[in-house]
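Q: I would like a close look at one part of this model, the place where the ligand sits. Please take me through it step by step.

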Amino acid sequence: MGGCIFCKIAAGEVPATVVKRADGIMAFKDLNPQAPTHLLVIPTDHLASLNDAKDPQLLGRLLAFARDLARDTGIAERGYRVVVNTNPDGGQTVFHLHLHLLGGRPMTWPPG
Ligand code: 5GP
Ligand code: ZN
């Protein structure tokens with residue numbers, strides 16, 4: 001979608017440190033990491049938010065992709081967090097669906 005920064009990353013038009021790419025899903029490092037491991041998992045086709053994701057199979061694949069990345073990056077055993085900020089109250093700032101994969105330090109609860 002024109003103007004969407006994550007669409008541009010998916011298209012290779014904006015640089016990012018891409019970690020993994022497969023079957024319409026990709027992961028890259030967050031520009032402003034909030035934990036030692038902070039990756040973003042996105043569908044390469046534009047979807048604005050979780051509210052717009054009508055395909056449960058895609059959602060399952062995104063979650064499995066994040067889970068596999070946690071294993072591959074060595075944070076699975078100690079633990080990690082997967083977050084999907086949705087719309088303004090959820091803290092979403094980039095309106096292309098993404099899962100945050102955070103790990104490498106203990107997380108606190110409740111989130112801010
Ligand atoms: P949100 O607040 O929408 O849940 O998360 C958006 C995330 O995207 C933020 O953590 C922010 O640091 C990250 N981000 C924003 N712009 C870019 C960019 O151009 N490249 C990368 N790699 N991450 C970005
Ligand atoms: Zn997009």
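Which polar side-chain atom lies 2.8 Å from an oxygen atom of ligand 1?

A: That atom belongs to asparagine 85. Keep in mind that the model is predicted. The distance of 2.8 Å runs from a polar side-chain atom of Asn85 to an oxygen atom of ligand 1. A pair of N or O atoms counts as a polar contact within 3.5 Å, so this pair qualifies.

The backbone takes part too. At valine 94, a backbone N or O atom lies 2.9 Å from an oxygen atom of ligand 1. At leucine 31, a backbone N or O atom is 3.3 Å from a nitrogen atom of the ligand. The protein covers 83% of the accessible area that ligand 1 has on its own, which is 520 Å².

Now step back to the whole shell. There are 16 residues around ligand 1. Asn85 is among the closest, together with Lys29, Asp30, Thr93 and His100. Sort the shell by residue type and you get seven nonpolar, seven polar and two charged residues. The space that ligand 1 takes up is the largest pocket.

Where do these residues come from? Two elements, α1 (residues 5-11) and β2 (residues 25-29), each supply at least two of them. Helix α1 gives the most, with three residues.

Next, place those elements in the chain. The chain has three helices and five strands. Along the sequence, their pattern is α-β-β-β-α-β-α-β. Just ahead of β2 comes a loop, which links it to β1 (18-22). Aspartate 23 lies in that loop. Its phi is positive, about 50°, although Asp23 is not a glycine.

Look at the other end as well. Strand β5 spans residues 99-103, and proline 110 lies in the segment after it. A cis peptide bond joins tryptophan 109 to Pro110, with omega at about 5°.

Finally, take in the overall form. The C-alpha atoms fill a box of roughly 40 × 30 × 30 Å along the principal axes. A compact globule of 112 residues would have a radius of gyration near 13 Å. The chain has 13 Å, so the two agree.

To return to your request: Asn85 offers a side-chain atom to ligand 1 at 2.8 Å, while Val94 comes to 2.9 Å through its backbone.

Technical notes. Residues numbered from 1 in each chain as written. Chains lettered and ligands numbered in written order. Predicted model: local features only at pLDDT ≥ 70, side-chain atom pairs only at ≥ 80, totals over all residues. Heavy atoms only, no water. Near = heavy atom within 4 Å. Polar contact = N/O pair within 3.5 Å; in protein donor to acceptor, adjacent residues only side chain to side chain. Areas by Shrake-Rupley, 256 points an atom, 1.4 Å probe, with all protein chains shown as cover. 1 Å grid on protein atoms, 1.4 Å probe; cavity = no way out; pocket = protein on both sides within 12 Å on 5 of 7 lines; lining within 4 Å. Sits in = over half its atoms within 2 Å of the grid points. Helix = DSSP H or I, 4+ residues; strand = E, 2+ residues; numbered from the N terminus. Nonpolar A, V, L, I, M, F, W, Y, C, P; charged D, E, K, R; others polar. Rg over C-alpha atoms; globule rule 2.2 N^0.38 Å.
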